[in-house]
Each structure stands twice: as C-alpha cells, then as structure tokens.
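Colleague: Could you take a close look at one part of this model for me, and walk me through what surrounds it? I'd like the chain as a whole, then the part itself, then the partner next door.

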Amino acid sequence: MEQLFEGLLNDHLGFVVWAAVAFIILLILLAKFAWKPIMAAISERERSIEDALLKAEAAKEEMARLTNENEQLLKEARAERDLILREARQLKDQIINEAKSAANVEGARMIENARLEINSLKAVAMSDVKNQVATLSVEIAEKILRKQFADQQAQDQLVADLLKEVKIK
Amino acid sequence: MTGSIAALGAGLAVIGAGIGIGQVGGKAMEGIARQPEASSKIQTAMIIAAALIEGVALFGVVVALLGK
Amino acid sequence: MDFRHILNSKKIILRVILGVLFTLTVCNTFAIQHENEPVEAKNAEQEAFNPTTAILEHIADSHYWHVGGELSFPLPIILFTDKGTEFFSGANFHHGHEAYQGKYYTYKLIEDKIRVVNAAGEVDKEASSHVYDFSITKNVLAMWLAGTILFIIFFTVAASYKKRKGKAPKGLQSFIEPVIMFVRDEIARPNIGYRYERYMPVLLTIFFFIWINNLLGLIPVFPGGANVTGNILLTFVMAFIVLLVVNFSANKYYWKHIFMPPVPVWLYPIMIPVELIGVISRPFALMIRLYANISAGHIIVLSLISLIFIFKTLWIAPVSIIFVLFMDVLELLVAFLQAFIFTMLTALFIGTAVEEHHH
C-alpha cells in the first residue's frame, strides 16, 4: 500500500496538471467557438421552426375560418336565391292568377257588353226590319190598292164587300 | 498465490453487483413490458441505478486490488 | 433510451456500420501486430511471457509512443527539480536501458518512471522526491490530440451552422446535431431543469471529450492506442472538475441539506460527516467508474490477444480474434455508454445542487 503511493506526486502531478490544463483550455475554446454558436443556432432554428409551425397553424385556422365564412356566405346566398326564386314564382303565379281573373272578368264584361250590344243592335235591326216590312207592306198595299182602285166599280165593290162584312159582324 | 485473496474480494464485489444489476435490469424489463410508453423514462432510471450499483462494486474491486 | 433518432437515416446507418466494420478490422489486425512487438522483446529478455505485466504495461501511461513494430516516438521529458527545470528528449533513455546525465541530476527510466540515480546506478530516493515529472507523456499527447480533433470537428460544425443558418443540418453537422440534442434533451434538461443552459458547455465538453477518448482508446495504432480515459489520473481530474462545478453552483438549499439536514439535532454529528462524505464520494464514484470500465475493456481485449502467446500457437488466433471482435463491438457501446453515464450523473449532481427546495 505504501509502495503504491510512493513518489505519487513526483510521477503523476505533472499529468494531473497537464490534464486539467488541457481540459480547461478545451472547455473554454469549445464553449466560445463551438457550443455558443451551435446552441444558439439550434435554439434559433427551433424557435423559427416553432414560429413557422405556429404561423402555419394560424394560417390553417384562418383558412378554416375563411372557408367557413365562404360556406356560410354561399349558404346564405343559396338561401337567398331560393327565397327570391320562390318569391318570384309566387309573384308569377299571383300575376298569372290575377291576369287570369282580370281576363275572366273583362271577358265576361265584354261578352256581356257584346250581348247587350247585340241585343240592342238586334232590337234596332228588328225595328228597322219591322219598319221596312211595314213600309214595304204599306207600299205593297198601296200599290195593290192603287191597282184595285183604278176602276170605280172595283172600289164600289170593295166598299160593298166591306160593308157587307161589317153588316154581317 | 499473491494477490489471490484480493482477486477473491474483487470477485465477491462483482457477484453482488451482478445480482444487483440483474435485478435492476429485470425489473426495468417488467416495467417496460407493463408500460411500453414509459420505456424511455424507465431506461434512464435503470441506467442511473445500474451505474450507482456498479460504482459500489467498482469501489470493492479497486479496494480489493489496491489492498493486495 | 431511444437512440433511434440518432440513426434515423439509412445513409447514416450504413456509414456507421461500415465505419464500425472498418475500425474493427483495423483494430484487430493491428492489435495483434502491435501486441506482438513488445511481447517478442520481452520474450527475448525473459524467455517467459507474463500476461499481467504485458497488459498492465499496455494500459499504463508511457514516455514513448509505440507506433507499431519497432517504431516508437520518444516524447519530450520535462522535469521540475528543486534546482531548476530540465528539458530533454525521451530518446536519451534508450527505453530505460541507459541513464541520462541531465543538468542537475542523473536520471534513469525505471518501470517507465523517472528516478534520480547516483554514480553507482542506484536509485537515490531522497533526490527523486525533489523531481517532479511534467513530461509530455503518451496520454498527455493523446489527450491533446483528442482535444484538437474535437476542436476541429466542432469548429467545422459551428462554421457550417453559421453558413447554413436556419437550414436543415448537413453532413457532419447532421451526425453531431442529434448527439448534441440528445445531451440537451435527455441529459441536461430532465436532470437540471430550466437552468440547464448554463451547464450545457461543460456537459457537452465532458461528454464529447470522454467519448472521443474512449473511441481513440479502442484504436490500437498510432492516433489512438493511448488509454486516456482508462487512466485514473485523468478521470480524477474530470471528477474533480465536476466536484468544483457542482459545489460552486450549489444554492443555499443544498448547503442547508448538508449542514442542517432535516433530522433531530443530536443526529448532526453523524449526519454531517455522512453528507460531507457524500459530497466527495459521488465524484469519486464517477472517477472510479470511468477508469475501471475503460481499463477493464482494454484488459479483456488484451487478455484475449495474450491467449495466443500464452498457448504459443497460432491456432488459437481465430478464437481470439472472434472474441476480440465481439469485445470491440461491446466496447464501442461502452464508449458511448460511459460518456453518457458520466455526463448524466454530472447533470444529476448539478441538478441536486441547483434544485429549489420544496420542504
């Protein structure tokens, strides 16, 4: 045991000092020229990656929001279109119905008018025809009478006949 | 035959460490089998425990060899 | 721990597998070659192969760096003596065969340790105790090499971060980044809490320093071959730094827990020493753990190779190689695991020191 430690410092102090010096110099050099920039670069990159991820996430959310909005808008637009169409259709039907009923009423009125006109015209025509027939009849009767009464005898005869008839009655 | 007693001492120290590390490893395996998702934590703890056991055993070995 | 995210690309998996295979091939070929050399030298001297000394020699620090075969670099010797500083080449020792007459004393390399010898060639213990060995040994050099490699790697990576600001990582960057993230997300953040950023430099440096030294230690030829993290002095230095970091960042709750633990007052004479021992023993365990694990790995590999020379037959070689291959794969894992555990426990200790209390 004693032998083992004999001259320990003489033989090995040098190595210990060299090792310590070498290690500390290495530590300082690496810390300054390697670890500092490397760690900084790694954490910088990690941060930028994290940032990028966050941004991507945000963009995704924004995108989703926009899509949602678009969909909403589209839905609304579609609903509005449907509404408008429906209204238009209703309006059309209404207009058609109104037109129909108006036409019906108007037609009926016109028919009525026409009938009235026709009737009045008919009445006029009838009276006209009657007048003409009457005139014609009178003219015919006049002509006949004139012819018959061209000679006196016939006239007398007629008077006699008429009187006879009256007598009989 | 000089040094043989020291070698025996070293051997005894190693037996203890062998049993200890075997226990640690076996239990760690069981733990991992039971909870595979915790395997990395278990492994870290296992290595530390094994290193501590080994440290004690190496004390034994070194003391045995120094004391020859 | 789920490491899959590190290897999440097929290309990287392929590269890693190829890299591992290549490393192992190189390792094994040269391990044997490398191993052959000192053993033969020993055989020539002693005619008997002693695996214990051969192995211990290989995992120990040295004033030479064997490259392979007979080639080895002599390393500079720096000595602080009571009379002044000595500086000369390790080649002067001729592998310990000869003494060297320095400015103040005569030195000889005995078991790779520098001792003062007197005129008769005997060790002068009294004079030796005044000599402090500050030589650039193999481990010191290997450590500097590892440091340089680390610096080059991370300087390049940092430059590519600047160049490709905010873009996805590429090449080396994409291999390093997951490891850094792993240290941050699996080690620092869960154990330290929100104050982790202050401790990231020290944790990352510890992690990569241990890792690269473990890996370089697995390579038996020149750039590696040194057993740096398997050197208890280095692990002592690192554990001491951890001790300092933990205790200097400790808040009042931590000290209160040590000096005023929530126990009856009459227990204080027992509890306070126990807590104080705990302060020391945790980094001490770190030191021993790393040292022992890495050394054990090296010893096992070297023992398996030594089988060839113990049995003195080439037929055992395939068996050795297969086992060494297996061990090297295991050691690749251990290299990472030990770096991870050291860093993890450091983070844990820092975490307990900076924790806001909740009693």
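Modeller: A quick definition before we dive in: a residue is called buried when its relative accessible area is under 20%. Keep in mind as well that this is a predicted model.

With that cut-off, 48% of the 359 residues in chain C come out as buried. The chain is built from 10 helices and 8 strands. Take the contacts in chain C between residues at least 6 apart in sequence: 62% of them link residues at least 24 apart. As for the outside, chain C has an accessible surface of about 17700 Å², and carbon and sulfur atoms account for 68% of that.

The part I'd zoom in on is helix α7 of chain C, which covers residues 232-248 and includes Thr235(C). Thr235(C) sits at 0% relative accessibility, so it counts as buried. What does the side chain of Thr235(C) reach? The backbone oxygen of Ile232(C), at 2.9 Å. Setting aside residues within four places in sequence, Thr235(C) has contacts with Thr229(C), Met287(C), Leu290(C) and Tyr291(C).

Further along, Val242(C) belongs to helix α7 too. Its relative accessibility is 1%, and therefore Val242(C) is classed as buried. Once you ignore residues up to four places away in sequence, Val242(C) touches Ile206(C), Leu286(C), Phe342(C) and Thr346(C). Have a look at Arg282(C) as well: 40 residues separate Val242(C) from Arg282(C) along the chain, while their C-alpha atoms are 9.7 Å apart.

Now for the partner. Chain A brings 31 residues into contact with 52 residues of chain C. Together the two chains bury about 3500 Å², with carbon and sulfur atoms giving 77% of it. On chain A's side, Phe15(A), Trp18(A) and Phe23(A) provide 21% of the area that chain A buries against chain C, more than any other three residues.

There's some charge pairing too, with 2 salt bridges counted between chain A and chain C. One of the pairs joined by a salt bridge is Arg184(C) and Glu46(A), whose closest N and O atoms lie 2.6 Å apart. Across this interface, 4 residue pairs are in polar contact, both residues being at pLDDT 80 or more. If you sort the chain A residues on the side that touches chain C, you get 24 nonpolar, 3 polar and 4 charged.

Terms used:
Residues numbered from 1 in each chain as written. Chains lettered and ligands numbered in written order. Predicted model: local features only at pLDDT ≥ 70, side-chain atom pairs only at ≥ 80, totals over all residues. Heavy atoms only, no water. Contact = heavy atoms within 4.5 Å. Buried area = accessible area lost by both parts, 1.4 Å probe. Salt bridge = Lys/Arg side-chain N within 4 Å of Asp/Glu carboxyl O. Polar contact = N/O pair within 3.5 Å; in protein donor to acceptor, adjacent residues only side chain to side chain. Nonpolar A, V, L, I, M, F, W, Y, C, P; charged D, E, K, R; others polar. Helix = DSSP H or I, 4+ residues; strand = E, 2+ residues; numbered from the N terminus. Buried < 20%, exposed > 50% of the residue type's maximum accessible area, 1.4 Å probe, protein only. Areas by Shrake-Rupley, 256 points an atom, 1.4 Å probe, with all protein chains shown as cover.
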